[in-house]
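I opened this model to look up a few contacts and the packing around them. My entries follow.

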Amino acid sequence: MSKFLLTLDEDYEFTLVGISCHSKDYRLCGKINNALNVDLIRTADLEIYKKDTLNTYSFYEFIDADNYLEYYLISNRGDNGFLIPEQKKVDFFLMAKGNISDNHTKDVICKINTLSLVLTSFSIDPNMLKSKQNLLF
């Protein structure tokens, strides 16, 4: 009897924006809601086990069913370390799933950069991250 090997390709088809900001997550979330005209709402924390230790990261989401878009704001700093350790200068990630153009991403980054409490924001290619599996939920 022959054996079959099943391999799964993970889907990293989303836009990722890194945000450096020293404010609390709820303050940033409120400013992003106003700037992008979205309604990010706090949900259960993102939980990831690393080396048998539970790490939690604040997690906000907005589902735009009319335009088939999903937005997530995720903290990079948790109780016991970073969600994406190779991006230690990033405090938050804004993830967008759906049909998002490059112009829309540039517009989002531009609007986030105008916020007074944001130091900088920039696009990140999730495929170039070693810890990209932490962004799958």
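I began with Asp-25 and set aside its neighbours within four places in sequence; Asp-25 is then in contact (heavy atoms within 4.5 Å) with Arg-42, Ser-58, Tyr-60, Leu-73 and Phe-92. The model is predicted, so local features need pLDDT of at least 70 and side-chain atom pairs pLDDT 80 or more, while totals for chains, interfaces and linings use all residues. Residues are numbered from 1 along each chain as its sequence is written, and side-chain values use heavy atoms, with hydrogens and water left out.

I placed Asp-25 in helix H1 (helices are DSSP runs of H or I, at least four residues; strands are runs of E, at least two; both are numbered from the N terminus). Asp-25 is buried, at 14% relative accessible area (buried is under 20%, exposed over 50%, partly exposed in between, with a 1.4 Å probe and protein chains only).

I then looked up the largest nonpolar core (buried Ala, Val, Leu, Ile, Met, Phe, Trp, Tyr and Cys joined through side-chain atoms within 4.5 Å). This core has 24 residues, and Ile-19, Leu-28, Ile-32, Leu-40, Leu-73 and Leu-94 touch the most other members. Helix H1 gives the largest share, 4 residues.

I checked Leu-40 with the same neighbours left aside: its contacts include Cys-29, Ile-32, Tyr-60, Phe-62 and Leu-73. A second, separate core has 16 residues, among them Phe-14, Ile-48, Ile-74 and Val-90.

For the whole chain I noted 2 helices and 10 strands. Of its 137 residues, 43% count as buried. The C-alpha trace spans about 65 × 35 × 25 Å along its principal axes.
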